[in-house]
Amino acid sequence: MSSTPLTDAPVVRPPADRTAPSPSPGRTLTAAMLGFALITLDTSVVNVALPTIGAELRTGMTGLQWVVDSYTLAFAALLLSSGALADRIGASRAYGAGVVVFTLASVACGLAPGLPALLAARTVQGVAAAVMLPASLALVREAYGDPGRRARAVSLWAAGGTVAVALGPVVGGALTTAWSWRGIFFVNLPLGVLALVLFARVARSRRRAAPLDLPGQLTAVAALGALTFAAIEGGTEGWWALGVAAVAFAAFLVVEHRRRHPMVPLGLFRNTTVAVAVAAGSANSVAFYGTLFVFGLFFQQVLGLSALDTGLMFLPMTGLLAGVNVLSARVAARHGARLPIVVGQAVAVSGLLGLLTVDADTSRAVQAVLLVPLALGAGFSLPPLIASMMEAVPAERAGTAAGLLNAARQTAGALAVAVFGSLAARDVEAALRTSLLISAGLLTLTALASLRLPRAGAKPGGGSGSA
């Protein structure tokens, strides 16, 4: 499952202002890849360290859910407008500031004396990541003027994120076992410094007059935060939070309907391809990230594996992501996007159902192998899903659509952790089976919906209105 939803967005930025000697495009690409790798590494490296964090900081399942979701929610919510922010201040300035803040926040995570400090630093990490992501891709586009070279560079940028996702569980397990859970955050320090050294000779980007939708952003943050709080905390407070989420979401819809330059143009959802892509991308994230979270708990709390052994259990699953991403792109180029999207989701569903047979007596090798079909299916369906959504919207809205898809996927992953974690607080093995059934059900629905996508050669959108 590729970690990037922006790979195929055909947004062309204005040429950068050259206030310094022109750097090597390769240096710019490497700096952008390192920044993107930092972001994606942090989405997967933490899961295997959660039981150790809980034991040292004396926090239960609720605290561990927030360790994951404080980062993911800030990242998801601010992605909706971070592209416009990068345009306003210049992609290079946004990227540099994001790397500095992300690196310092990582150090703060590693030094956190308790859970509140860790959650605050994780939130700052998420904010910085949201600023870095669109800026890093914009830098790559600015560095490569030729469309062919730019496409290859963007592919390399995306591959860097995929490799980081694959290595995350192993790196996290190794650092936690050999040193401490704090090492999973300190490892960002040398990577961040290296990214800044390379970034020092990146040309400065031009500022653009991009409108910011602050009311939309604030109501989106309120809605997503309250919804996640309700899922994690439960009880009477959870019901109050659910009410706040409903009110905030209604306010968000009103704001976006009335704004001249809305953060999320609601008309996008009249396009069948956009609606299906957002739904299917979200279901993919629920299945993939939700499964990583619950199996990470299962391997350590039920089977008694170390953090390193847990990371190695995930390696066959995550290690195939880059290759299957490339394969799906080739299949889509030959047969159209709908085939790999539907087939990929069907394979993922079969993998989830196969995992229902796993229990404490299942051999470790069989468990690791049974995780593979989920990764194969999710990784096979996502790249053509992204590409079909980008083709379905006008060029001037490609960045907005990409931000929307990424935000939806990150939010879905955060909610999966919230809901599945609440189930695991009572019984990890029962939560494992329930989460697998929920994920399989969602992917089955979106696979059926994906049959409405246009066939190869047909105009995207399915005749359900333009974006």
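Are tyrosine 95 and phenylalanine 199 buried or exposed? Both are buried, where buried stands for under 20% relative accessible area, exposed for over 50%, and partly exposed for what falls in between (1.4 Å probe, protein chains only). The model is a predicted one, so local features need pLDDT of at least 70 and side-chain atom pairs count only at pLDDT 80 or more, while totals for chains, interfaces and linings use all residues. Residues are numbered from 1 along each chain as its sequence is written, and side-chain values use heavy atoms, with hydrogens and water left out.

As for the overall fold, the protein has 17 helices and 0 strands; these are DSSP runs numbered from the N terminus, helices being H or I with at least four residues and strands E with at least two. Of its 467 residues, 57% count as buried. Contacts (heavy atoms within 4.5 Å) with a separation of 6 or more come 85% from residues 24 or more positions apart. The exposed surface amounts to about 17,800 Å², with carbon and sulfur atoms supplying 66% of it; areas follow the Shrake-Rupley method with a 1.4 Å probe, and for residues only the protein chains shown count as cover.

Now for the inside. In soluble globular proteins, nonpolar side chains tend to be buried together. A nonpolar core here is a set of buried Ala, Val, Leu, Ile, Met, Phe, Trp, Tyr and Cys residues joined through side-chain atoms within 4.5 Å. The largest such core has 69 residues, and Leu118, Phe295 and Phe299 touch the most other members. Helix α11 (residues 272-302) gives the most to this core, namely 12 residues. Apart from it lies another core of 62 residues, including Ala153, Val274, Val276 and Met389.

Phenylalanine 299 also has a list of partners further along the chain: leaving aside neighbours within four places in sequence, it is in contact with Gly304, Leu305, Thr310, Met313, Phe314, Gln367 and Leu371. Serine 44, found in helix α1 (residues 25-44), gets a similar look. With a relative accessible area of 2%, serine 44 is buried, and it touches Ala164, Val165, Gly168 and Pro169 once residues up to four places away in sequence are not counted.

On to the rings. Phe, Tyr and Trp rings (the six-membered one for Trp) pair if their centres lie within 6.5 Å; planes under 30 degrees apart count as stacked, over 60 as edge-to-face and the rest as tilted. The count comes to 11 aromatic pairs. Tyrosine 95 and phenylalanine 199 make a tilted one, 5.5 Å centre to centre with 55° between the planes. That pair links distant parts of the chain, with tyrosine 95 in helix α4 (residues 91-111) and phenylalanine 199 in helix α8 (residues 188-199), 104 residues apart. Phenylalanine 298 and phenylalanine 299 are also tilted, at 6.0 Å centre to centre and 55° between the planes, and both are buried. Ring pairs join Phe295, Phe298, Phe299 and Phe314 into a cluster.

Charged groups come next. Side chains of opposite charge can pair when their charged atoms come close. With a salt bridge taken as a side-chain nitrogen of Lys or Arg within 4 Å of a carboxyl oxygen of Asp or Glu, the count comes to 2. In one of them, arginine 122 meets aspartate 42, with the closest N and O atoms 2.4 Å apart. Arginine 122 belongs to helix α5 (residues 115-143) and aspartate 42 to helix α1, 80 residues apart; both are buried. Glutamate 56 and arginine 182 also form a salt bridge (3.3 Å, N to O). Here glutamate 56 lies in helix α2 and arginine 182 in the loop between α6 (147-178) and α7 (183-186), 126 residues apart. Glutamate 56 counts as partly exposed at 41% relative accessibility, whereas arginine 182 counts as buried at 18%.

Finally, the surface. Patches are built from residues with over 30% relative accessible area and no salt bridge, joining like charges within 9 Å and nonpolar side chains (Val, Leu, Ile, Met, Phe, Trp, Tyr) within 5 Å. Leu320, Leu339, Val343, Val347 and Leu376 form a nonpolar patch with about 340 Å² of accessible area together. Helix α14 (residues 338-355) supplies the largest share of this patch, 3 residues. Valine 343 sits in helix α14 and counts as partly exposed at 35% relative accessibility. Elsewhere, arginine 58 has a positive phi, near 55°, in a residue other than glycine. Arginine 58 is in the loop between α2 (50-57) and α3 (61-89) and is exposed, with a relative accessible area of 80%.
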